[in-house]
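User: I would like to go through the nonpolar packing and the aromatic pairing of this protein, step by step. Please reason from the coordinates to each answer.

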Amino acid sequence: MTQNESEITRLAHKMKWTVLENYKKHVKADSSFEENLLTLLRLENEQRDKALLRRRVKQAGFPVIKTLDTFEFNQTMLPHLKQEQVLELALCDFIRNRTNIVAIGNSGTGKTHIVTALGMEAIRKGYSVRFRRACDLATQLAEAQSEKHLSRMLKALHHCQLLIVDELGYMTLDQKNSNLLFQVLAGRYEVRSTIVTSNLEFSKWPEFILDFETF
């Protein structure tokens with residue numbers, strides 16, 4: 001390795017330019033300087049986008065990664081689920097419009113699959129996403145309150161552009177945990193988008209959570 005090559009590798013590592021550390025395999029002798037530079041820039045940008053996507057998916061906290069192309073729209077099992085509506089939601093305009101979404105249905109009908117897939121689409125479009133099961137979120141909020149950092153957790157949840165609360169109603173929450181969950185949902189109303197899945201029909205929902213679009 002020449003002195004220049006060594007210096008390029010050192011600086012690339014310092015600046016975290018992974019492509020430049022192995023730049024020779026991407027550079028073509030018959031291409032101009034500008035063409036080679038553009039190739040390197042494109043490759044570096046592509047790698048950074050992939051790393052950012054992986055980081056955002058990890059931060060979201062999905063239990064299992066799901067996508068819409070693996071979901072089976074079954075009209076017999078799910079007669080009220082409209083594929084066109086789900087695909088429209090995948091455009092993520094509802095996040096920009098700060099609209100809330102609720103998916104209601106029995107266990108095993110694919111609600112978690114769909115909302116996880118919508119969360120993945122949101123991440124691909126540059127939105128920050130968090131996925132939490134309702135009972136887990138309530139427990140985490142209670143623990144944060146007892147450890148005197150509830151306000152910090154509420155701020156972090158409020159900051160994310162899409163919050164997915166899964167399985168609301170599958171477990172009974174006590175008054176304290178219900179109130180904490182209310183703080184999260186109420187604080188996001190008309191400010192950030194929230195998706196909730198539930199097995200409860202609306203007549204059994206608390207009044208504070210009725211302002212949602214359903215599918």
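The questions and answers that follow concern a predicted model.

User: Which element supplies the largest share of the largest nonpolar core?

Analyst: The largest nonpolar core of this predicted model has 27 residues, and F62, V129, L162, I164 and I195 are those with the most contacts inside it. At least two residues each come from α3, α4 (83-89), α5 (93-96), α6 (111-124), β2 (129-133) and β3 (162-168). The largest share, seven residues, is supplied by α6.

User: How many residues does the second, separate core have?

Analyst: Leaving aside neighbours within four places in sequence, I195 is in contact with residues including F94, V115, L162 and V165. V165 also belongs to a second, separate core, together with L141, L180 and V184 among others, and the size of that core is 18 residues.

User: Is L37 buried, partly exposed or exposed?

Analyst: L37 lies in helix α3, which spans residues 33-60, and L37 joins F33 and L41 in a nonpolar surface patch of about 300 Å². Buried would require under 20% relative accessible area and exposed over 50%. Because its relative accessibility is 38%, L37 counts as partly exposed.

User: Are the rings of F71 and F73 stacked or edge-to-face?

Analyst: The count of aromatic pairs comes to two. In the pair formed by F71 and F73, the ring centres are 4.9 Å apart and the planes stand at 80°. Since an angle over 60 degrees is the criterion, the pair is edge-to-face.

Definitions and conventions: Residues are numbered from 1 along each chain as its sequence is written. This is a predicted model: local features need pLDDT of at least 70, side-chain atom pairs count only at pLDDT 80 or more; totals for chains, interfaces and linings use all residues. Side-chain values use heavy atoms; hydrogens and water are left out. Patches are made of residues with over 30% relative accessible area and no salt bridge: like charges are joined within 9 Å, nonpolar side chains (Val, Leu, Ile, Met, Phe, Trp, Tyr) within 5 Å. Accessible areas come from the Shrake-Rupley method with a 1.4 Å probe; for residues, only the protein chains shown count as cover. A salt bridge is a side-chain nitrogen of Lys or Arg within 4 Å of a carboxyl oxygen of Asp or Glu. Helices (H or I, at least four residues) and strands (E, at least two) are DSSP runs, numbered from the N terminus. Buried means under 20% relative accessible area, exposed over 50%, partly exposed in between (1.4 Å probe, protein chains only). A nonpolar core is a set of buried Ala, Val, Leu, Ile, Met, Phe, Trp, Tyr and Cys residues joined through side-chain atoms within 4.5 Å. Contact means heavy atoms within 4.5 Å. Rings of Phe, Tyr and Trp (its six-membered ring) pair if their centres lie within 6.5 Å; planes under 30 degrees apart count as stacked, over 60 as edge-to-face and the rest as tilted.
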